[in-house]
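Student: Could we go through this model together? I'd like to start with the charged side chains and then move on to the overall fold.

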Amino acid sequence: APRAAGGELERHVAAERVAHEVRGLPAELVQGPVTLINARLEVRPEGQPWSIALFGTNLLDELYIVSGAADPSGFGAAEFNVAHERRWGVSIELGW
């Protein structure tokens with residue numbers, strides 16, 4: 001990791017293309033691929049027991065299905081859960 005002001009600066013950006021292909025699913029549970037981008041920027045001063053980081057997940061705010069169930073032979077209903085929307089925050093860690 002690069003050195004910054006007597007410490008370490010870590011950068012991490014991840015982009016991935018997510019697609020699930022399962023045969024026989026009802027149309028309500030089929031979704032095309034989405035691109036997810038997550039990032040983290042962390043500073044850890046040299047000789048200090050702490051670090052601080054800015055982070056973000058699902059930065060493009062993609063709406064996609066993470067799980068679901070369908071009952072086409074019963075009531076004909078389909079239920080699904082979507083992923084978390086865009087999230088960002090600050091993380092502070094202290095070690096001793």
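**Charged pairs and the fold**

Tutor: Glu-42 and Arg-40 form a salt bridge in which the closest N and O atoms are 3.7 Å apart; please keep in mind that this is a predicted model.

Student: Is Glu-42 buried or exposed?

Tutor: Glu-42 is buried, its relative accessible area being 8%, whereas its partner Arg-40 counts as partly exposed at 28% relative accessibility.

Student: And which side chain does Glu-93 meet in a salt bridge?

Tutor: The side chain of Glu-93 meets that of Arg-40, with an N to O distance of 3.8 Å. Because Glu-93 lies in strand S6 and Arg-40 in strand S2, this pair ties together parts that are 53 residues apart in sequence. As for its surroundings, Glu-93 is partly exposed, with a relative accessible area of 37%.

Student: What about Arg-44, which partner does that one have?

Tutor: Arg-44 pairs with Glu-42 in a salt bridge at 2.6 Å, N to O, and Arg-44 itself is partly exposed, with a relative accessible area of 33%. Through shared partners, the salt bridges join Arg-40, Glu-42, Arg-44 and Glu-93 into one network.

Student: How many salt bridges does the count come to?

Tutor: The count comes to three salt bridges, taking 4 Å between the side-chain nitrogen and the carboxyl oxygen as the limit.

Student: Okay, changing topic. What does the secondary structure look like?

Tutor: The protein has zero helices and six strands, so that, read from the N terminus, its elements run β-β-β-β-β-β.

Student: How much of the contact pattern comes from residues 24 or more positions apart?

Tutor: Among contacts in the protein with a separation of 6 or more, 53% are between residues 24 or more positions apart.

Student: And what share of the residues counts as buried?

Tutor: Of the 96 residues, 18% count as buried, while the accessible surface of the protein comes to about 7400 Å², with 56% of that belonging to carbon and sulfur atoms.

Student: Which residues make the nonpolar surface patch?

Tutor: The patch, of about 990 Å², is made by Leu-41, Val-43, Trp-50, Ile-52, Leu-54, Val-90, Ile-92, Leu-94 and Trp-96. The elements giving two or more residues to it are strand S2 (34-45), strand S3 (50-57) and strand S6 (87-94).

Student: Where does Leu-54 lie?

Tutor: Leu-54 lies in strand S3. It may also help to recall that strands S2 and S6, which contribute to the patch, hold Arg-40 and Glu-93 respectively.

Notes
Residues numbered from 1 in each chain as written. Predicted model: local features only at pLDDT ≥ 70, side-chain atom pairs only at ≥ 80, totals over all residues. Heavy atoms only, no water. Helix = DSSP H or I, 4+ residues; strand = E, 2+ residues; numbered from the N terminus. Buried < 20%, exposed > 50% of the residue type's maximum accessible area, 1.4 Å probe, protein only. Contact = heavy atoms within 4.5 Å. Areas by Shrake-Rupley, 256 points an atom, 1.4 Å probe, with all protein chains shown as cover. Patch = residues over 30% accessible without salt bridge, like charges linked within 9 Å, V, L, I, M, F, W, Y side chains within 5 Å.
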